[in-house]
Amino acid sequence: MPYRRTLVVFLLATLCAAGATLLDFTFPSYYGQTESRLRDAIARSGRTTPPNPDLLFLAIDSDSVTLDETLDLQGLFSSSSSDPGSRRALEIMSKGWPWNREIYAMILERLVRAGAKVVAFDCLFSASAPGDDAFRVALEQFKPQAVIGSNFVSPDNVTRSSRIPSSYEPPAETLIPKTPTQDERVGFTNFFADENKVVRGAQYRVAFRERENSMATYFSLSARVVLKAGEPELIPNDLAEHLIRFTGPPRTFRSRPLFEIFVPEYWEHNFRSGELVRNKIVVIGAEGKWQKDELLTPFGPMPGAEVHLNVLNGLLHRESIRDLSPFARAAVTILTAILASALWLSIRSPWLRLLALGGIDAATPFFVLWFYNHQNLYLPCLAPFLALNSTVFFCLVTDFTFERIEKARLQSTLQTRDDLTHMIVHDLRAPLNLVTGYVDILEQMASDKLNPDEAECITGAKQGAENMCDMITTLLDVGRLEAGEMPLRLQDHDLGQIAREAADRFIPVLRDRTLRCEMSPEPVAVSCDGDLIRRILENLISNALKFTKSDGTIQINVERKGVDVTISVSDNGEGIPRDQHKHIFEKFGQTNSGRQHRHSTGLGLAFCRLAVEAHQGKIGVQSEPGKGSTFWFTLRTRGQSGVNCTGNTQPAHLGRIG
């Protein structure tokens with residue numbers, strides 16, 4: 001593998017990884033939105049936390065807040081007339097929204113008396129209202145079981161991560177006095193939302209410093225509920241953001257109308273006289289539809305109370321989604337770029353590389369989903385994807401650029417070689433013609449004076465000179481055909497006659513081999529350069545003689561097929577492996593067996609291909625090891641298209657020299 005290519009791929013991988021990592025650190029708006037959408041798709045497709053059966057959602061829904069003030073409570077809910085507390089609660093609810101806060105005291109008492117483990121109010125009270133005193137007394141009375149949600153904390157005094165919300169409301173002074181120390185009845189209600197106000201994370205605790213430099217820690221509503229439930233070990237120790245593993249789509253937690261707990265019939269039937277509430281964690285909050293108290297989540301809009309239930313459910317199941325630190329995210333991106341460079345360096349074919357890249361891209365979501373489901377981990381999606389694909393893309397561009405440069409350089413080298421070869425070969429013709437002339441004269445002058453051995457030497461020298469002349473002529477003709485500078489003397493010829501003439505030339509050297517010519521008895525007229533076509537056939541027959549056994553058979557077929565004529569030369573020699581077929585018609589291309597022949601230059605079949613293509617024909621080979629070979633080429637006939645004469649052919653020439 002070239003050192004330069006490896007270095008370029010390494011530099012490209014480094015640049016792509018650095019660019020993707022920088023994008024991940026700066027986190028521009030369009031990038032963050034795309035990353036968030038990918039994560040939302042993973043959350044919707046991945047595993048969810050099963051709902052905890054000890055969680056109960058009592059909703060302040062449209063049915064609870066639209067009780068008519070003129071409602072005949074005694075007639076409709078006659079059983080409530082014997083229960084002053086229930087009657088008083090229904091009267092408060094029927095006065096319209098907002099309710100007198102005495103109702104919250106009554107709700108708290110009813111649920112705690114029924115055996116609820118914790119009662120959490122997802123309520124925000126920013127101003128005083130009637131009933132505050134009653135609610136404050138109830139909160140104090142049922143302090144071990146009661147939690148009320150509130151927004152608080154000044155942003156100037158918060159020690160927080162960069163992702164924690166930057167604005168907070170002060171505590172509700174109407175119920176709980178503002179104090180720098182913890183109050184176990186209060187839990188804050190903030191969630192993490194991005195610029196699109198989509199909630200994906202929850203904050204379990206916040207620490208801030210007062211002027212006296214003391215430290216106070218406020219817990220979220222869900223964390224405070226877990227503390228009240230007696231499981232403080234479930235609360236994470238760090239102050240950073242925690243992502244939510246949602247329980248599922250909205251309304252997974254079935255909500256029950258709040259007013260039902262004050263109607264004896266519903267209390268007895270739907271709540272089994274309070275048994276349903278025993279040892280449960282009850283969350284009370286707006287159901288969402290009636291006052292648009294909803295937050296956007298990856299699963300769609302959810303009431304704020306339901307988001308609290310999801311966070312609480314994750315805590316109780318000891319499940320939350322971890323996110324990688326910025327340095328770990330950068331490490332994943334760099335490893336992905338290294339994978340891309342390894343992919344590029346290990347696979348030679350560009351199409352296979354792109355296919356492998358497509359496979360990796362398709363498998364990546366399943367890989368990320370597996371980590372989300374089994375390791376509770378969000379792997380970065382966009383930065384590694386950009387690093388992987390950009391590295392492969394730029395490497396592809398670089399490879400094509402290098403390939404074009406190398407091809408241009410190789411073409412220039414080959415052109416220089418061909419020019420030098422043609423010059424040398426052309427200059428060889430004159431001295432070679434001189435040698436041939438002197439050998440002819442010597443043969444004529446000394447034919448009567450030499451003994452047979454000496455005469456055979458003269459004949460061998462003459463044959464060698466003629467072979468060299470043929471080789472030089474072929475090489476020059478190949479060069480002229482490649483350059484398109486060889487004029488064709490097109491005339492009407494009978495291909496059958498050309499085939500017979502080419503075959504007759506080899507009769508003296510057949511020895512025990514058989515040469516057959518099969519063709520239609522009618523002339524097959526073709527407009528062509530007869531000399532070139534004869535040389536093509538001579539080359540093909542000469543090749544067949546080289547690779548045919550001493551008692552083998554060579555067959556020439558001239559066959560008309562429609563407007564084309566196919567001329568083929570077949571032998572029953574050793575055959576050619578299929579993987580070598582595409583190379584044998586190239587200049588200097590040879591088979592493995594062809595390289596073993598001393599007189600094989602690899603120019604004959606290249607000349608045949610160029611000569612056939614100059615006639616707008618096609619050439620090819622059919623061969624398998626041990627089954628012989630058939631070389632064929634096609635030419636267009638002259639005049640009216642003929643009929644397939646395969647069935648009418650008859651032997652036109654049969655020769656055997658023993």
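**Exercise 1.** Are helix 2 and helix 12 parallel or oblique to each other?

*Solution.* The model is predicted, with local features needing pLDDT of at least 70 and side-chain atom pairs pLDDT 80 or more, while totals for chains, interfaces and linings use all residues. Residues are numbered from 1 along each chain as its sequence is written, and side-chain values use heavy atoms, without hydrogens and water.

Step 1. Helices (H or I, at least four residues) and strands (E, at least two) are DSSP runs numbered from the N terminus. Helix 2 covers residues 29-45 and helix 12 residues 350-374; their axes come within 10 Å and cross at roughly 60°. Axes are lines fitted to C-alpha atoms, for helices over the stretch in contact, with angles from 0 to 180 degrees between N-to-C directions.

Step 2. Angles under 35 degrees count as roughly parallel, over 145 as roughly antiparallel, 65 to 115 as roughly perpendicular and the rest as oblique. Helix 2 and helix 12 are therefore oblique to each other.

Step 3. I42, A43 and S45 of helix 2 meet V368, L369 and Y372 of helix 12 (contact: heavy atoms within 4.5 Å).

**Exercise 2.** Which strands stand at the edges of the open sheet of three strands?

*Solution.* Step 1. The strand order is 6-7-10, with antiparallel pairing (two strands pair if DSSP finds at least two bridges between them).

Step 2. Strand 6 (191-193) and strand 10 (242-243) each have a single partner strand, so they stand at the edges, with one side of each left without a neighbour in the sheet.

Step 3. Strand 7 (residues 199-202) pairs with strand 10 over two bridges, and A202 is opposite H242 in strand 10.
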